[in-house]
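Reader: I should like to discuss the terms applied to this structure and the values behind them. Please present it.

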Amino acid sequence: MNVLENFPTVAVVILNYNGAHYLQQFLPSVLASTYPNKRIIVADNASTDHSISIVQANFPQVEILMNQQNDGFAGGYNWALRQIDAAYYILLNSDVSVTPQWIEPVIALMEADDTIAACQPKLLSYYAPEQFEYAGACGGWMDALGYPFARGRVFDNMETDAGQYNTVTPIFWASGAALFIKSKVFHAFNGFTDSFFAHQEEIELCWRIQLAGYKIFACPESVVYHVGAGTLQKGGRKIYLNFRNNLMMLVMHLPPKEKYWKLTLRFFLDALSAWKSLLNGNTAFFTAVAQAHWYVLRHLHNIKAQNQLKKPLKSLQGVYSGSIVWHYFFKHKKTFAEIVEKKRS
């Protein structure tokens, strides 16, 4: 009997854009993964550096797909995954170092429950491995106003990992830095929304998946280490996409009874943050938020979800019924446990 028959096929797909140094540094850890039935694929988003030649010269066992244009995270993965046949996809950032057995526990969890469509490992910081990493930490949540946060990360506060979130648990969204997803689900939901380009597209996809009755999980037994901001560095473009895409999600998926009052409040809170930044001399932040708001207002009636199903946000898993803005900035509660778990207890 072929031993691989006991292991569903897994395609680890690394979307790359000018990340040659990351591929050279982190591909060896991916290739050392102990899961037996895997393919490692670099999907290149029209890089202008030496990414392709480095992979070809140093990692001949890695498959390569080459896009003719940079379609961003959303469009790039949609383009790549249409060409890849596997039971599971793992969407892995090029700036992630993995541990040898990072795949097995997640696949075992997802194989045991057909309703689990997507999952993420525990994400720790590559440069401060005792701390959670910004882009997902130990599982993504959403507050009542649509602000994303995570077990181990609220706004810019990263907690130290002391095993406090080591439970396998449902979450709202799984991080795109290391996203496990069943291929049949990814394609059934038409993948990411192309117009997002980059940032929060995985949150929007997880929202759609939950609306259809599937579950999103965190599996902390799997551990990876993420550099963070490896492709699109911090700055005006990153801020713009985060604010714009987050508001677009609310327009797309909130029921009418929630949508307009929450959008109004979100515009107000975002504006407060922008004006505060401007007074502190950060004109780039102010401009990016203003541009994001203007985009959403101009396209408000044209922003449509791929599915028309609407459910109250609080009915979904991984949603905090209060405001993390209130707790973080006014009550000075900085950790997930202080905000969410104390209220539940």
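Author: This is a predicted model. A suitable place to begin is Ser-94, which touches Ile-14, Asn-16, Tyr-22, Leu-23 and Phe-26, not counting residues up to four places away in sequence. Ser-94 lies in the loop between β4 (88-92) and β5 (96-98).

Reader: Why is Ser-94 called buried?

Author: Its relative accessible area is 7%, and buried means under 20%. Ser-94 therefore counts as buried.

Reader: Why does Asn-16 count as buried?

Author: Asn-16, in strand β1 (residues 10-16), has 0% relative accessibility. The cut-off is under 20%, so Asn-16 counts as buried. Beyond its neighbours within four places in sequence, Asn-16 is in contact with residues including Val-42, Asp-44, Ser-51 and Ser-94.

Reader: What makes the pair formed by the side chain of Asn-16 and the backbone nitrogen of Gly-19 a polar contact?

Author: A polar atom of the Asn-16 side chain lies 3.1 Å from the backbone nitrogen of Gly-19. The limit for N or O atoms is within 3.5 Å, and the distance of 3.1 Å satisfies that limit.

Reader: How do you know that α7 and α8 are roughly antiparallel?

Author: The axes of helix α7 (residues 236-253) and helix α8 (residues 256-279) cross at roughly 165 degrees and come within 10 Å. Angles over 145 degrees count as roughly antiparallel, and α7 and α8 are therefore described in that way. The crossing is right-handed.

Reader: Which residues of α7 and α8 meet?

Author: Phe-243, Asn-246, Leu-247, Leu-250 and Val-251 in α7 meet Lys-259, Leu-263, Arg-266, Phe-267 and Asp-270 in α8. By class, this contact has 6 nonpolar, 1 polar and 3 charged residues.

Technical notes. Residues are numbered from 1 along each chain as its sequence is written. This is a predicted model: local features need pLDDT of at least 70, side-chain atom pairs count only at pLDDT 80 or more; totals for chains, interfaces and linings use all residues. Side-chain values use heavy atoms; hydrogens and water are left out. Helices (H or I, at least four residues) and strands (E, at least two) are DSSP runs, numbered from the N terminus. Buried means under 20% relative accessible area, exposed over 50%, partly exposed in between (1.4 Å probe, protein chains only). A polar contact is a pair of N or O atoms within 3.5 Å; within protein, one must be able to donate a hydrogen and the other to accept it, and residues adjacent in sequence count only if both atoms are side-chain atoms. Contact means heavy atoms within 4.5 Å. Axes are lines fitted to C-alpha atoms, for helices over the stretch in contact, and angles run from 0 to 180 degrees between N-to-C directions. Angles under 35 degrees count as roughly parallel, over 145 as roughly antiparallel, 65 to 115 as roughly perpendicular and the rest as oblique. A crossing is left-handed if the near helix is turned anticlockwise from the far one by less than a right angle, and right-handed if clockwise. Ala, Val, Leu, Ile, Met, Phe, Trp, Tyr, Cys and Pro count as nonpolar, Asp, Glu, Lys and Arg as charged, and the others, Gly among them, as polar.
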